[in-house]
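Thank you for passing this model along for comment. Please keep the sequence and the 3D view open together while you read the points below.

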Amino acid sequence: MRDEDLIAEVRAFLNTHWDAKKKRPKAGGGAKEFRHRVLEAGFAVPSWTAEWFGRNLAADQARLIEREFAAVAAYGAGQDKTNLFANTILAAGTDALKREVLQGLLTSEIDSCLLYSEPGAGSDLAAVRTRADRTADGWVVQGQKVWTSGARTAQYALLLARTDWDVPKHQGLSFFYMPMKQPGVDVRPLHQITGDSHFNEVFLDGAVVPEANLLGNENGGWKVLQTALAYERLVMGEGAGERRQGSGKDNRKSLIQMARSAGRLGDPVLRQKIAQALAYRQLNDLNLARAKAEMAQGTASPIMSLGKLAMSRILHGDAAVMADILGAASLLDGEENPESADMNYRALNAYMTSIGGGTDQIQRNIIAERVLGLPREIEVDRDLPFRDSRAVKG
Ligand SMILES: Cc1cc2nc3c(=O)[nH]c(=O)nc-3n(C[C@H](O)[C@H](O)[C@H](O)COP(=O)(O)OP(=O)(O)OC[C@H]3O[C@@H](n4cnc5c(N)ncnc54)[C@H](O)[C@@H]3O)c2cc1C
């Protein structure tokens with residue numbers, strides 16, 4: 001298909017179904033119907049095969065569709081790049097599981113969460129002690145997870161659990177897509193420094209995972225996890241943590257606007273700081289474009305770690321420049337001080353990107369080892385049977 005024909009088709013679709021002025025589906029159709037139409041048209045995941053809602057398009061044509069959607073602020077397209085749950089299940093799920101959940105994931109009717117971190121297993125994720133034991137028709141799970149974003153509303157979770165204790169830690173893990181709404185799952189909210197409460201502790205006591213919900217091979221979970229983590233880092237590298245403040249592009253404007261309305265746009269030192277903040281964003285966009293090109297070839301790109309680390313620096317840096325612009329007023333908080341309240345929220349929320357999905361230090365380790373080719377960090381228990389490691393023996 002020629003690019004012009006594809007663009008014409010997408011524009012005709014959007015003209016029919018999307019109100020570009022009001023930025024919502026045209027009268028008579030709600031968000032759910034619109035998402036279904038996007039899926040049926042093959043625009044949700046255009047690079048996937050027709051069997052699974054796609055159109056077999058090459059990555060650059062898939063991006064054309066995404067760009068047309070973005071130009072009118074329509075949603076639902078480009079999920080072959082951003083939907084970590086759907087992409088992980090497409091890559092590693094059984095056909096039965098794909099039939100059960102892919103459509104719901106791509107129309108946002110299914111919410112999911114990530115059951116990875118545990119007390120004692122965050123950066124060293126391969127040290128998880130939550131166990132999944134085989135039964136006649138699946139698995140039964142016992143353990144505790146923590147920092148689980150969105151667990152209260154999720155119907156399913158990507159779960160990392162130990163299925164073999166007698167092999168080294170990375171080799172005894174399996175990856176599952178576990179139903180959350182069942183008696184063995186107890187979700188308890190945690191409160192964040194921002195005042196939000198997005199994440200939770202999750203206690204698993206006899207939760208059941210059907211056989212069809214194993215992703216990849218039994219004890220091959222570490223490999224599947226890398227695919228899911230790469231998508232997460234890509235999304236975070238694009239600034240997912242900025243959602244309350246709007247997109248990264250809006251932020252470019254807002255630093256300049258803030259300085260202008262504070263009467264400080266002529267301050268040479270401040271101008272330099274703003275220019276540096278904007279330059280980091282520009283560089284990050286270019287790096288992300290590289291990372292996406294690698295992902296489109298089917299590689300879990302380590303460049304994603306660069307993007308996530310850069311976004312962490314950008315978010316902390318932007319908040320610092322804002323504090324500089326506001327001066328002493330940046331100490332104020334509350335509804336009556338919207339500018340400084342927003343700045344304070346940004347400063348605190350920046351930690352989401354520098355901790356979630358692997359901390360800044362861990363991204364640096366990944367970049368050192370996999371991008372720069374430096375020697376691996378020493379890990380004394382890497383080759384021991386997990387049962388004999390420090391995580392179990394203390
Ligand atoms: C907003 C947010 C949302 C989250 N959502 C989820 C979620 O949905 N699901 C989920 O499973 N988890 C989630 N997490 C948890 C997150 O993945 C972990 O917090 C993170 O991996 C760090 O683990 P930890 O907190 O156990 O810290 P630790 O691993 O104990 O690290 C403590 C400190 O030591 C440093 N450190 C540790 N090891 C090394 C090393 N080898 N080299 C150098 N420095 C090191 C770390 O960088 C960090 O500064 C979320 C976290 C946040 C902040």
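The numbered points that follow begin with the surroundings of the ligand and then turn to one helix, two loop residues and three buried residues.

1. Please bear in mind throughout that this is a predicted model. Around the ligand there are 20 residues, and among these Tyr-116, Gly-122, Ser-123, Gly-356 and Thr-359 come nearest. The elements that give two or more residues to this shell are strand E3 (112-115), strand E5 (138-149), helix H11 (338-355) and helix H12 (360-371).

2. The make-up of the shell can be read in two ways. Sorted by class, the shell holds eight nonpolar, 11 polar and one charged residues, and sorted by domain, at least three residues are drawn from each of domain 2 (112-221) and domain 3 (238-358).

3. Helix H11 allows a simple check of length, because a rise of 1.5 Å a residue predicts that its 18 residues should span 26 Å, and the C-alpha atoms at its ends are indeed 26 Å apart, which agrees. The helix nevertheless has a kink of about 25°, which is centred on Ala-347. Just after H11, Gly-357 adopts a positive phi of about 70°.

4. Which residues of H11 are buried? They are Ser-340, Met-343, Asn-344, Arg-346, Asn-349, Ala-350, Met-352, Thr-353 and Ser-354. When you look at the spacing in this list, it helps to remember that an α-helix has 3.6 residues a turn, so residues three or four places apart point the same way. The buried residues of H11 pack against helix H7 (221-237), helix H10 (303-326) and H12.

5. Two loop residues deserve a look at their backbone angles, given that most residues other than glycine have a negative phi. Lys-23, although it is not a glycine, has a positive phi of about 55°, and it is found in the loop between strand E1 (18-19) and strand E2 (24-25). Phe-53, which is likewise a residue other than glycine, has a positive phi near 70°, and its place is the loop between helix H2 (31-40) and helix H3 (59-71).

6. Are these two loop residues buried or exposed? Lys-23 counts as exposed because it has 11 C-beta neighbours inside 10 Å, where 12 or fewer is the cut-off for that class. Phe-53 counts as buried because it has 25 such neighbours inside 10 Å, where the class begins at 20.

7. Met-322 lies in helix H10 and is buried, because 23 other C-beta atoms lie within 10 Å. Leaving aside residues up to four places away in sequence, Met-322 touches Met-258, Met-343 and Arg-346, and both Met-343 and Arg-346 are listed among the buried residues of H11.

8. Val-224 lies in helix H7 and counts as buried because it has 24 C-beta neighbours inside 10 Å. With residues up to four places away in sequence not counted, Val-224 touches Thr-88, Ala-92, Phe-175, Leu-215 and Gly-216. Val-224 and Val-140 are 84 residues apart in sequence, and their C-alpha atoms are 20 Å apart in space.

9. Ser-340, in helix H11, is buried because 20 other C-beta atoms lie within 10 Å, and 20 or more is what the class requires. Its contacts, not counting residues up to four places away in sequence, are Leu-326, Ala-329, Ser-330, Leu-332 and Asp-333. The C-alpha atoms of Ser-340 and Thr-130, which are 210 residues apart along the chain, are separated by 42 Å.

Notes:
Residues numbered from 1 in each chain as written. Predicted model: local features only at pLDDT ≥ 70, side-chain atom pairs only at ≥ 80, totals over all residues. Near = placed C-beta within 6 Å. Helix = DSSP H or I, 4+ residues; strand = E, 2+ residues; numbered from the N terminus. Nonpolar A, V, L, I, M, F, W, Y, C, P; charged D, E, K, R; others polar. Domains from an automatic or database assignment. Expected span 1.5 Å × (residues − 1). Bend = angle between axes of the 7 residues up to and from the residue. Contact = placed C-beta atoms within 7 Å.
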